[in-house]
Amino acid sequence: MDERFTAVLLPFLKFHTDGPLEPESDLRGLGLDSMQAIDLLFAIEDAYGISLPDEAMNDTTFATAGNLWKEVSAVLTGQPGAAAPGTGAA
Amino acid sequence: MSDTRYAPPPGPDTQARPGDANTTPVPDAPDAPGTGFAGRLRRALEPLPDDAGAADVWRALGRGGITAALYASGHPAGPVELDRLGALLAALDARGDNGVTLSVLVQTASALPLLANAPGERCATARARVLAGDARVALAATDEGAPGSDLTALTTRVAVRGGQLALDGGKRWITNALGAGYLLVLARQRPGRHFTGFSWVLVPADTPGVTVTPADTSLLARSGTGHLRFDGVRLTPDHMVGRPGRALADFARHMATERIAGAYWAVALTSRVLRATQDRLAHRVADGRPLWQNPVVRRDFAACLVRVTQLRALLDTVTRRVTADRDLAWAGLLKAAVGLEADAVLSRCAELQGADGMAADGAHRIRAEAAVLGIGGGATDLMLAQVADRAETFLDVLGAHP
């Protein structure tokens, strides 16, 4: 996860205390509810100038910081993300 | 002069499409007296009788090019011209039929921009008919299976079966349900509460399996508010609107427009009632003096005037924030202020008007109808919770020095 990603993500995590954000950090547990996830989606797409693919639009993508970063970085590098067909992700 | 066009966060499907009607750009400023937006608006509304209903008003706005002129490109995929939308709502409010104003507000600020996301000939035809005023569209989000403040719990569902969409469920308290040619229905595609599990479905109102019943209320009578049932509704897949998994995101994208529009209407409505209240106070005599000369009455009236002036100033501030920064949290703060201030001002005005406020279309009825400003599109309590969630953002701005 790059610094810009965590900078965009952290304001949405109202229950996150000091400390590093780990890939396995549970976003819902840190305060990201479903409707706030929409604002996060906009913030990420604005920050990187990208559009997450339709296949990534599911709750697994937004479950952890690592899952979300995996989809963002996949778009940035042009590689298939975790949600791409055949990877087994929901 | 600041730019008051609001372009929502860009979606991939928000470009005007060939074949859409009314794609001629509309000039921003009036060209000559009577030929600008204000003149066209006046000419569109003046011929209408005082008791014109939502269908007649919508037709006049469409045929007069007013509806298309609300969008920078003449197409609802384009940025919304917020100053024009505000002028339209003020002009409608001056006609005094809150139901008609609500009907137009929902279609122009939310339903049409959402419909702009729809690809395909079928949706383009619907969009063109609505823009031209030949049909109305109802935005059907509030579900019979969940409160409006809990959209992700909705139970109306759409599934793909045998190559067709199958829609079942119900919607409640839907503006324009009665008389709409099209219903834009928010439905669940997957179980769970995540925002990616929903879709918009464009349903022609005469589709078999669709039932419309009037809402049991005398308020906002001409808003066409009613309840919808979908029982075994079958549609071809081209009735699906927008990209998979993005229905609620698309909805949120346009929510800021509706909240700013609601504030424009609230300012117009409270100003109208304040003026009527002042007029009554000036002509109502107690102890040989007009009530307007009573210090307590004047103080309360002035407090209401301050509230409305603050709301107008907040509207300008939020419009700048939303258009420049696209931070939708500010629109939520504005919505909370509208819910709080409109009710406070209208309640006090109704009291100041005494028994006259109880008249058939008097201040008490207006106050009751204006309660929709604190309910529709996000209840005031929900908006306040969102303000609390973003408290640091607002405090940072309040505490900042130039």
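Here are a few exercises on the structure above, each with a worked solution.

This is a predicted model, where local features need pLDDT of at least 70, side-chain atom pairs count only at pLDDT 80 or more, and totals for chains, interfaces and linings use all residues. Residues are numbered from 1 along each chain as its sequence is written, while chains are lettered from A and ligands numbered from 1 in the order in which they are written.

**Exercise 1.** Work out how the radius of gyration of chain B sits against that of a compact globule.

*Solution.*
- Start with the rule: the radius is taken over C-alpha atoms, and a globule gets 2.2 Å times the number of residues to the power 0.38.
- For 402 residues that puts a compact globule near 21 Å, and chain B has 21 Å, so the two agree.
- Next, the outline: the C-alpha trace of chain B spans about 80 × 50 × 45 Å along its principal axes.
- Finally, burial: 49% of the 402 residues in chain B are buried, meaning that 20 or more other C-beta atoms, placed from the backbone, lie within 10 Å of a residue's own (exposed is 12 or fewer, partly exposed is in between).

**Exercise 2.** Find the residues that touch the most other members of the largest nonpolar core, then list the contacts of Leu184(B).

*Solution.*
- A nonpolar core is a set of buried Ala, Val, Leu, Ile, Met, Phe, Trp, Tyr and Cys residues joined through C-beta atoms within 7 Å.
- The largest one has 134 residues, and Leu115(B), Leu184(B), Val201(B) and Ile260(B) touch the most other members.
- H7(B) gives the most to this core, with 19 residues; helices here are DSSP runs (H or I, at least four residues), strands likewise (E, at least two), numbered from the N terminus.
- Now zoom in: beyond four places in sequence, the contacts (C-beta atoms, placed from the backbone, within 7 Å) of Leu184(B) include Leu114(B), Leu115(B), Val137(B), Trp200(B) and Val241(B).

**Exercise 3.** Is Pro49(B) buried or exposed?

*Solution.*
- Locate the residue: Pro49(B) is in the loop between helix H1 (37–45) and helix H2 (54–63) of chain B.
- Count neighbours: Pro49(B) has 7 other C-beta atoms within 10 Å, so it's exposed.
- Check the distance to Arg95(B): the two are 46 residues apart in sequence, and 9.9 Å apart in space, C-alpha to C-alpha.

**Exercise 4.** Describe where chain B meets chain A.

*Solution.*
- Tally both sides: 17 residues come from chain B and 15 residues from chain A.
- On the chain B side, helix H7 (residues 247–283) supplies the largest share, three residues.

Methods:
Two residues are in contact if their C-beta atoms, placed from the backbone, lie within 7 Å.
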